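User: I am new to this structure. Please show me how to read its sheets and its core.

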Amino acid sequence: VLGDAALSGGTADVVIPGTALQPGQHALTVRYGGDATYAPSNSSVVVDVASDKLEASVRADHYPHKVVAGKTRAGLLISVSADGVTPTGSVEVQIPGHTTEVATLRHGRALLLLPRFATAGDKELVITYTGDAQVQAATITHVVTVTEQKRK
């Protein structure tokens with residue numbers, strides 16, 4: 001039951017909480033319980049919930065912060081947030097010179113193990129949150145600075 005209301009003058013206004021239905025079309029059944037004069041009845045109605053999605057905020061950081069060419073495999077922690085909800089779905093990470101990695105969000109976070117980078121320099125990772133039913137997709141760039149391995 002999403003809501004109920006008393007009849008007044010043959011009509012009733014049922015208020016459904018804004019978070020009760022995901023965006024999209026929903027077929028709902030409206031039921032009248034009947035009274036001494038009228039028998040109970042059912043009717044169907046299609047409700048179209050607007051798909052105004054919340055804006056996503058995406059942040060990323062890598063650990064350890066010092067990444068050495070050919071040696072370090074850093075972890076990449078990605079956090080996705082939005083006002084009033086915990087985003088679900090996945091993130092895609094485009095890693096220069098490597099394949100695109102995909103990770104599923106858990107409680108608005110995802111963790112990936114980055115590959116070892118063969119060469120030094122700034123590596124620009126393109127991180128895309130793919131969005132969900134309530135939250136818009138978003139893309140950021142995260143830079144990993146890779147240093148040369150010191151020779152002994």
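User: How many bridges join strand 4 to strand 10?

Analyst: Strands are DSSP runs of E, at least two residues, numbered from the N terminus. Two strands pair if DSSP finds at least two bridges between them. Here, two bridges join strand 4 to strand 10, and the two run parallel. V68 stands opposite T147 of strand 10. This is a predicted model: local features need pLDDT of at least 70, side-chain atom pairs count only at pLDDT 80 or more, and totals for chains, interfaces and linings use all residues. Residues are numbered from 1 along each chain as its sequence is written, and side-chain values use heavy atoms, leaving out hydrogens and water.

User: In what order do the five strands of the open sheet lie?

Analyst: The order is 4-10-9-6-7, with mixed pairing. Strand 4 (67–68) and strand 7 (101–104) are the edges, each pairing on one side only.

User: What is the order in the open sheet of three strands?

Analyst: It reads 3-5-8, and the pairing is antiparallel. Strand 3 (57–63) and strand 8 are its edge strands. Five bridges join strand 5 to strand 8. One bridge pair is L76 with L112 in strand 8.

User: Which residues touch the most other members of the largest nonpolar core?

Analyst: A nonpolar core is a set of buried (under 20% relative accessible area, 1.4 Å probe, protein chains only) Ala, Val, Leu, Ile, Met, Phe, Trp, Tyr and Cys residues joined through side-chain atoms within 4.5 Å. This one has 25 residues; L76, I78, V80, V91, V93, L125 and Y129 touch the most other members. Strand 5 (75–81) and strand 9 (121–129) are among the strands that each supply at least two of its residues.

Note on methods: Buried < 20%, exposed > 50% of the residue type's maximum accessible area, 1.4 Å probe, protein only. Helix = DSSP H or I, 4+ residues; strand = E, 2+ residues; numbered from the N terminus.
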